[in-house]
Every structure is written in structure tokens, then in C-alpha cells.
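This report describes one protein chain, with attention to its pockets and aromatic contacts. The sequence and structure come first.

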Amino acid sequence: MPSAANPPHECTVFFLPGLGLDAASAGAIAAAADPRLRVVGIDLLDRGRAASVEDLADTALERIAAEADGGPFLVCGHSLGGKVAARVMTRVLAGTEPAFGLVGAVLLAPSPPTPEPMPDDKRAEMLATAQGEHLSRADAEAFVAANVAAPLAADLHDAAIDAVVRQPASAWRDWLTAGSLEDATRLVGVLDLPVVVLAGDDDEALGADAQPDLVADVYPRARVERMPGVGHLLPYEAPERVAAVLAETWQAIRAAAPVVPTEWGRVIASSRVDVAVRRTLAQRALVDDRDRAPRTLNRAQVETLRALAALLVPQGEGGTIDLAVRIDDMLAEGGTDGWRPVGSPADPVAYGLGLDAIAAVWPSEVTEQRSLIVRLITDGIDAAGLGTDGIRSWFEDARNDLLRMWLAHPASLARIGFDGFAVGGTGPRPAGWATIATGERETWEPSELGKTVVEDAA
């Protein structure tokens with residue numbers, strides 16, 4: 001039987017259902033899912049309440065914290081679940097939750113953080129059907145029929161009707177009169193991570209025509225995929241396509257960034273790690289946006305820096321950290337080490353001058369590139385404006401910056417076996433260590449770091 005340390009899957013998908021639906025609406029998606037993915041449906045309305053986005057996020061995060069294994073996870077939110085997903089992801093990336101591993105999202109006709117664009121007459125019509133304890137089966141059938149582009153297969157049709165009937169009508173009333181009208185944009189802000197939005201052509205308020213404008217300000221990396229012949233109930237109308245996009249999204253992320261091992265993810269999610277540290281590591285673990293426009297350097301300078309990084313800090317096989325993009329961000333945010341040689345310009349200017357000088361003499365052969373790097377370290381090359389020491393002092397700083405960017409990533413910390421970030425914690429006292437010895441570890445530390453003292457005694 002697979003252990004928690006060696007799960008049979010690579011990534012977990014936490015599915016947040018839409019209004020009137022429950023965890024079971026993830027069933028067809030789970031059945032079609034890639035074996036590398038574990039799909040976990042979450043009942044957002046199991047308490048019969050949908051009073052606010054924050055309440056629903058609380059419910060989702062309790063389940064995510066309980067089900068997460070420390071490995072990477074995607075959030076998949078449908079309709080109401082899409083609005084909740086934005087708040088869930090914000091809180092995970094803020095480090096306030098005992099969860100780690102968020103890598104991206106696939107959203108299905110998501111309700112936006114802004115008030116949901118629902119016509120008043122439709123809202124009134126839905127409220128009229130939700131006055132008892134539960135919707136009648138006839139009203140549930142009408143709801144499903146109004147939200148699909150074509151009749152569902154018999155088994156999916158019955159499953160959707162059953163889900164709608166199960167949900168307390170009080171949750172419908174709460175959502176229609178409060179939750180859907182809530183403006184959570186300030187709570188959510190900007191979520192700069194990989195996101196795919198699937199939306200049907202036959203979905204009026206939250207469909208393919210509406211989604212680009214609804215998601216643009218929140219998800220700068222969002223890709224909206226139009227789904228012809230599909231309405232609003234994507235988990236039932238197009239589960240195979242949803243499953244395929246989940247697999248494609250995970251594969252793209254996995255290929256583009258290093259994966260933090262599950263045991264290390266569990267340590268980061270634990271109470272041994274301070275909120276600010278967890279926040280920093282969660283954000284550093286996100287895959288880089290390699291296509292975005294540079295913020296300080298120009299594109300040619302970024303490409304030169306990438307070429308240097310590949311030789312100076314080789315990262316091996318698999319996904320890699322885009323060190324050049326991260327240095328560009330560092331320069332834009334003023335996050336450099338704060339000192340420079342006398343006569344040298346400020347770091348953003350120095351980087352531009354240094355990279356331009358290197359680009360002018362950069363050879364095409366790798367052997368010659370390595371020789372040039374040695375020359376940059378020893379004799380230097382002409383680089384006007386870089387001060388009395390020319391390019392050598394700047395290049396030393398650049399090498400240090402590249403290494404710092406690599407080492408700051410939680411996957412890199414795992415690679416070198418450093419868990420010193422887990423000695424603060426959220427308790428009244430720092431967590432600290434009780435055992436520090438070669439080949440020994442405490443029970444909370446990843447198993448690759450050695451045997452525990454208890455194991456040694458046995």
C-alpha cells in the first residue's frame with residue numbers, strides 16, 4: 001500500500017462545486033482524470049450556509065488542510081466554487097493556513113470576486129424556487145435543464161438532479177441574497193499563478209464571452225478556453241475535457257518548475273513554520289511566468305542572463321527556476337544587497353550595462369561561453385560605466401544573486417537538506433531543535449535527513 005511519504009499520485013486536485021451541487025459533482029471528472037492526479041471533492045454547503053465567501057473559504061480550507069499530503073495541488077472551482085477558489089488561493093499564498101503546495105487553478109465558469117453578473121429576474125426566479133427546506137425534484141430538473149446546452153446522459157442527468165435536491169435551500173437563499181453579491185476584490189487582490197478558465201458558449205452570465213473581462217484583473221496569467229456546445233454545468237456536460245485540461249495544466253507546471261517533495265511540503269505546512277516564512281516559500285514555489293514582459297531589464301538582457309544562469313547555476317533535469325526573471329523582479333522591487341563598489345552605478349543600471357557588454361561578445365559554442373565566464377571572473381572585459389573595477393565586481397554580485405535566487409526556492413532547500421526555516425513556528429515559543437547530530441534527525445524532519453534518535457536506539 002502506498003505510504004503518505006510516497007503517494008501514488010503526483011498532484012491533488014481540490015474541487016469546489018457550484019451552487020446547488022456538492023462533492024459528488026466531481027465524480028465524472030475524477031473518473032476521467034489522469035492517474036497522476038487525485039481528485040478530492042469538497043462539500044462547500046454541507047453546513048447549509050453560504051452567508052459569505054469567507055465562510056465558504058473556511059470550509060474549503062479545513063478540508064484542504066486535512067486532505068493535503070504536502071505535495072503540489074491544483075484548485076478547481078466551478079461557478080460559486082470559483083469565487084471561493086480565489087479567496088482560498090489568496091489565503092494559502094498568504095501563509096496563514098496549514099497548507100502548502102498550491103501550484104495553479106482550473107476554473108469552470110467561475111463566479112468572479114466582484115458581484116456575480118446575474119440578471120435580477122433570474123435571481124428572483126431562483127429565489128422563488130428555494131423557499132422550503134430543499135428544492136423539489138421538479139425545480140431541480142428545471143434548474144439543470146436551464147443550465148445545460150444539451151440534455152445530459154441519463155446517469156449524469158440523474159446525478160445532477162440528486163445533487164441539487166440534496167442541497168439545503170437555505171444555502172441557495174444565502175448565496176443569492178448575499179454571497180454572490182459580495183465584492184471580494186480587495187480580499188483577493190491579484191493572483192499571479194497559472195490559471196485556465198473553461199467557459200461554455202451557451203452560458204449567458206458566466207460564459208465564454210463574459211469571462212475574459214471578469215478574470216483579467218485577478219488572474220494576469222489566465223487563459224480562457226471557449227467550449228462550444230456547453231452551458232454552465234461543465235462538471236456534467238464536459239467532464240472529460242475538464243479532466244484533460246487538469247492533466248495538461250499539471251504537466252505544463254511540472255515541466256516548468258521544480259517540485260517540492262511531499263515530506264518537505266508537510267513540514268512547511270506545519271505549525272513549526274512561521275506565517276511569514278510559509279508565505280514567502282509558498283510564493284517562491286510558484287512557477288515563473290517566462291513570457292511576461294521584463295520589469296527592469298529588456299528582453300535581450302533577460303536572455304543573456306538566462307544563458308549565464310544555465311552555466312553558472314545548472315539545475316539538472318526537469319523543471320527549473322527562471323533565475324533571470326526572478327532577478328529582474330528583484331531589481332524592480334529594490335531587493336538587492338544594498339551595496340556596490342565606489343564609482344559603480346545603481347544595480348538596475350549596472351545589470352543593463354554588464355549584460356549588454358557580455359551580449360556583444362557572447363559566443364555560440366558552450367566551450368567558448370565557459371571560457372568567457374572565466375575571463376569575466378579573472379581579467380574582465382570592457383564595460384563602459386561600471387566603475388574602476390570594470391565588469392568583475394558587478395559579475396561577482398551577479399553570480400551571488402543567481403545563487404541566492406536558486407537557494408531561496410523551497411525545492412532547492414530540500415535538495416541541499418536544509419530545514420532551518422522550521423524552527424520558528426506559530427506557537428508562543430520558537431520550535432527549535434532538540435537533536436543536532438550527523439545522520440540523526442528529529443521525528444518532524446524529512447526522512448531523507450537520517451535516522452531518528454528513537455530508531456537508532458531500537
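Trp394 and Phe395 are both buried. In this predicted model, the centres of their rings are 6.1 Å apart and the planes meet at 40 degrees, so the pair of Trp394 and Phe395 counts as tilted, since the tilted class covers angles that are neither under 30 nor over 60 degrees. Together with Tyr351, the residues Trp394 and Phe395 make up one aromatic cluster.

**Aromatic contacts**

The structure has six aromatic pairs. One of them joins Phe143 and Trp172 in an edge-to-face arrangement, with 5.0 Å from centre to centre and 80 degrees between the planes. Phe143 belongs to helix H5 (residues 137-146) and Trp172 to helix H7 (residues 169-177), so this pair ties together parts that lie 29 residues apart in sequence. Both Phe143 and Trp172 are buried. A contact of another kind involves Arg272, which lies over the face of Trp444 at 3.7 Å from the ring centre.

**The chain as a whole**

The chain contains 20 helices and eight strands. Its C-alpha atoms fill a box of roughly 80 × 60 × 40 Å along the principal axes. Of the 458 residues in the chain, 51% are buried.

**Pockets**

The table sets out the two pockets by volume, lining and residue class.

| Pocket | Volume | Lining residues | Classes in the lining | Largest share of the lining |
|---|---|---|---|---|
| Largest | About 740 Å³ | 25 residues | 11 nonpolar, three polar, 11 charged | H15, five residues |
| Second largest | About 340 Å³ | 14 residues | seven nonpolar, one polar, six charged | H11, four residues |

The largest pocket has a volume of about 740 Å³. Among its lining residues, Gln283, Arg284, Arg326, Asp329 and Glu333 are the closest to the centre. Four elements give two or more residues to this lining: helix H3 (80-93), helix H13 (275-284), helix H15 (323-333) and helix H18 (391-407). H15 provides the largest share, with five residues.

The second largest pocket holds about 340 Å³ of space. The residues closest to its centre are Pro194, Arg221, Ala252, Ile253 and Val287. Strand S5 (195-200) and H11 each supply at least two residues of the lining, and the largest share, four residues, comes from H11.

**Helix H11 and Pro194**

How many residues does helix H11 have, and how far does it reach? H11 covers residues 239-256, which is 18 residues, and spans 26 Å from its first C-alpha to its last, close to the 26 Å expected at 1.5 Å a residue. The buried residues of H11 are Pro239, Val242, Ala243, Val245, Leu246, Ala247, Thr249, Trp250, Ile253 and Ala256. One of these, Ile253, is also among the residues closest to the centre of the second largest pocket.

Where does Pro194 lie? Pro194 is placed in the loop between helix H8 (185-188) and S5. Is Pro194 buried or exposed? Its relative accessible area is 14%, and because buried means under 20%, Pro194 counts as buried. Pro194, like Ile253, is listed with the residues closest to the centre of the second largest pocket. Between the C-alpha atoms of Pro194 and Val325 the separation is 16 Å, although the two are 131 residues apart along the chain.

Note on methods: Residues are numbered from 1 along each chain as its sequence is written. This is a predicted model: local features need pLDDT of at least 70, side-chain atom pairs count only at pLDDT 80 or more; totals for chains, interfaces and linings use all residues. Side-chain values use heavy atoms; hydrogens and water are left out. The expected span of a helix is 1.5 Å times one less than its number of residues. Buried means under 20% relative accessible area, exposed over 50%, partly exposed in between (1.4 Å probe, protein chains only). On a 1 Å grid over the protein atoms alone, a cavity is a set of points where a 1.4 Å probe fits but cannot get out, and a pocket is an open set with protein on both sides within 12 Å along at least five of seven lines; lining residues have an atom within 4 Å of a point. Grid points are joined across faces, edges and corners, and a volume is the space filled by probe spheres set on the points. Ala, Val, Leu, Ile, Met, Phe, Trp, Tyr, Cys and Pro count as nonpolar, Asp, Glu, Lys and Arg as charged, and the others, Gly among them, as polar. Rings of Phe, Tyr and Trp (its six-membered ring) pair if their centres lie within 6.5 Å; planes under 30 degrees apart count as stacked, over 60 as edge-to-face and the rest as tilted. A charge sits over a ring if NZ of Lys or CZ of Arg is within 6 Å of the ring centre and within 35 degrees of the ring normal.
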